[in-house]
Amino acid sequence: MKRGFYIGRFQPYHNGHQSVLEHIADKVDEIIIGIGSAQLSHQVDNPFTSGERVLMITRALTSLGCPYYVIPIEDVRRNALWVAHVRSMAPPFDICYSSNPLVVRLFREAGVNVQSPAMYERETLSGTEIRRRMLHGEPWKKLVPPAVAQVLKEIDGVGRLRQIARDD
């Protein structure tokens, strides 16, 4: 049994994440999806709760064809301890998938096999760009799976983001 680990903030979950997870699903028997910075929400850079991010991911992955677990992982502000913290929160895994330079470095230093999958349309498929579009009333729905757009509608995600971005 080969189990892979993939972590992201998923603020929000988008088509780039979907593409990477579909790629990983072809390589492993099970996937652990870590929701990073799980304690953060209601901030411009982190507007959605970990529970809302779990909902986005699970609804978007209904046809993935590979078993997966979604694990919220709160931040530890000591990088030297972070991999041990992740391992304590997640089921055991054989390989980590990440293109984040710090994540790659920390897992490799801990002796974990790390693969960096190609990032799909990274210029437009980033949480930062999607949140920017939401704030400015620009088209963003095509950048996320339809199930995620539905979750964001249900929770009034755009309204929340716009409200927390306002100045006093």
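**Notebook: V83, the sheet and the helix packing**

**Entry 1: V83.** I began with V83, which sits in helix α3, residues 79-89. The model is a predicted one, and I read every value below in that light. I asked whether V83 is buried or exposed. Its relative accessibility is 6%, and since buried means under 20%, V83 counts as buried. I then listed its contacts, leaving aside residues up to four places away in sequence: V83 touches L106, F107 and A110. As a distance check I took H14, which is 69 residues from V83 in sequence; the two C-alpha atoms lie 25 Å apart in space.

**Entry 2: the chain as a whole.** I counted 7 helices and 5 strands in the chain. Along the sequence I noted the pattern β-α-β-α-β-α-β-α-β-α-α-α. The radius of gyration is 16 Å, close to the 15 Å given by the globule rule for 168 residues, so I recorded the chain as being as compact as a globular protein of that length. The C-alpha trace spans about 45 × 35 × 25 Å along its principal axes. Of the 168 residues, 48% are buried. I also looked at contacts with a separation of 6 or more: 67% of them join residues 24 or more positions apart.

**Entry 3: the sheet.** In what order do the strands lie? I found an open sheet of 5 strands, ordered β3-β2-β1-β4-β5, with parallel pairing. The edges are taken by β3 (68-72) and β5 (113-115); each has a single partner strand, so one side of each lacks a neighbour in the sheet. Neighbouring strands are turned against each other by 25° on average, direction ignored. As background, I kept in mind that strands of a sheet pair through backbone hydrogen bonds, either parallel or antiparallel.

**Entry 4: strand β1.** I next examined β1, residues 3-8, which runs parallel to β2, residues 30-35, and is joined to β2 by 6 bridges. For the register I noted two positions: G4 stands opposite I31 in β2, and G8 stands opposite I35 in β2. How many residues of β1 are buried? The strand is mostly covered, with 6 of its 6 residues buried. In a regular strand the side chains alternate between the two faces of the sheet. In β1 I saw R3, F5 and I7 pointing one way and G4, Y6 and G8 the other way, and all are buried.

**Entry 5: backbone exceptions in loops.** I searched for unusual backbone geometry, given that most residues other than glycine have a negative phi, and most peptide bonds are trans. The peptide bond from Q11 to P12 is cis, with omega near 5°. P12 belongs to the loop between β1 and α1 (15-25). F10 lies in the loop between β1 and α1 as well. Although F10 is not a glycine, its phi is positive, about 55°. F10 is buried, at a relative accessible area of 1%.

H42 also has a positive phi of about 55° and is not a glycine. I located H42 in the loop between β2 and α2 (50-60). Is H42 buried or partly exposed? Its relative accessible area is 43%, so I entered H42 as partly exposed.

**Entry 6: helix α5 and its packing.** Two packed helices are described by the angle between their axes and the distance between the axes. For α5 (residues 127-135) and α7 (residues 157-165), I recorded an angle of about 85° and axes 9 Å apart. The two helices are therefore roughly perpendicular. Which residues make the contact? From α5 they are R131, M134 and L135, and from α7 they are V158, L161, R162 and A165. By class, the contact residues divide into 5 nonpolar, no polar and 2 charged.

I then listed the buried residues of α5: G127, E129, I130, R131, R133 and M134. What covers them includes α6 (146-154) and α7. An α-helix has 3.6 residues a turn, so residues three or four places apart point the same way. After α5 comes G137, with a positive phi near 70°.

Key
Residues are numbered from 1 along each chain as its sequence is written. This is a predicted model: local features need pLDDT of at least 70, side-chain atom pairs count only at pLDDT 80 or more; totals for chains, interfaces and linings use all residues. Side-chain values use heavy atoms; hydrogens and water are left out. Two strands pair if DSSP finds at least two bridges between them. Helices (H or I, at least four residues) and strands (E, at least two) are DSSP runs, numbered from the N terminus. Axes are lines fitted to C-alpha atoms, for helices over the stretch in contact, and angles run from 0 to 180 degrees between N-to-C directions. Angles under 35 degrees count as roughly parallel, over 145 as roughly antiparallel, 65 to 115 as roughly perpendicular and the rest as oblique. Contact means heavy atoms within 4.5 Å. Ala, Val, Leu, Ile, Met, Phe, Trp, Tyr, Cys and Pro count as nonpolar, Asp, Glu, Lys and Arg as charged, and the others, Gly among them, as polar. The radius of gyration is taken over C-alpha atoms; the globule rule is 2.2 Å times the number of residues to the power 0.38. Buried means under 20% relative accessible area, exposed over 50%, partly exposed in between (1.4 Å probe, protein chains only).
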